[in-house]
Amino acid sequence: MKNQLIFIFVLLPIFLFGQKEFKITKTVDEFTGDTLIQSAWVKMSNTDNANRQSYIRLSSSKGVNVFEIMYSTLGQIASISPGDEFYIKLQSGTVVTLKNSDFQISEKGKASPVFAGSEATGFHLFFPISNEDLLLLSQSRIEKCRLSTSKGFMETGISKEENRENVFLVFKNFFTALSN
């Protein structure tokens, strides 16, 4: 019994606080033969308040890479027009700019893919992203993001080191999966 308790107390911190690995899934469509590469949803925002969280996911199919974000507007109703920009500032000082292609109005339930925050108002946006921009994002951590809307700019920082590291690992692992 004593050995089992020692075993549990030694290994438990490793399981609870060890570095997370963000696996990227590769699936082949059985009808078309196309390969879909996709990450899981990862929390990007800097707060524990469920109504202020934002999440990202990456996917690629048929050579088209997509940066998907569920972005909280903190209860504000706003719109995004085609051509509006989403800026991602990296710690290296580089700014990656993505362009919106569809008109969208923020809605309740679009800010979170999970139950916590599912009532929050926000956008569920899809941005085409180049291999070059994915490379930049896989080499430097994100400092903050800015979304251009009808209400002006909406910014979110990533002040929690855990979130910053998780987002970085998703970009790094995704870019590696694309390269293989």
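Begin by selecting Lys151, which touches Gln76, Ile77 and Ala78 when residues up to four places away in sequence are not counted. Keep in mind throughout that the model is predicted. Lys151 sits in the loop between β12 and β13 (152-157), and its relative accessible area of 53% makes it exposed, because exposed means over 50%. Now add Ser79 to the selection and show the C-alpha atoms: those of Lys151 and Ser79 are separated by 7.7 Å, although the two residues lie 72 residues apart along the chain.

From the contacts of Lys151, move on to Ile77, one of the residues that Lys151 touches, and select Phe103 and Ile105 along with Ile77, since together these three form a nonpolar patch on the surface with about 300 Å² of accessible area. Within this patch, Ile105 belongs to strand β9 (residues 104-105), and Ile105 is partly exposed, with a relative accessible area of 41%.

For the last stop, select helix α2 (residues 131-139) and colour its buried residues, which are Asp133, Leu134, Leu137 and Ser138. If you turn the view to look down the axis of α2, these buried residues fall within an arc of 140 degrees, and therefore they line one face of the helix. On the other side of α2 you will find Glu132 and Gln139, which are exposed. To see what the buried residues of α2 pack against, display the strands β4 (55-61), β5 (64-72), β7 (85-90), β8 (95-99) and β12 (142-149), together with helix α3 (161-179).

Notes. Residues numbered from 1 in each chain as written. Predicted model: local features only at pLDDT ≥ 70, side-chain atom pairs only at ≥ 80, totals over all residues. Heavy atoms only, no water. Buried < 20%, exposed > 50% of the residue type's maximum accessible area, 1.4 Å probe, protein only. Helix = DSSP H or I, 4+ residues; strand = E, 2+ residues; numbered from the N terminus. Arc of directions from axis to C-beta. Contact = heavy atoms within 4.5 Å. Patch = residues over 30% accessible without salt bridge, like charges linked within 9 Å, V, L, I, M, F, W, Y side chains within 5 Å. Areas by Shrake-Rupley, 256 points an atom, 1.4 Å probe, with all protein chains shown as cover. Salt bridge = Lys/Arg side-chain N within 4 Å of Asp/Glu carboxyl O.
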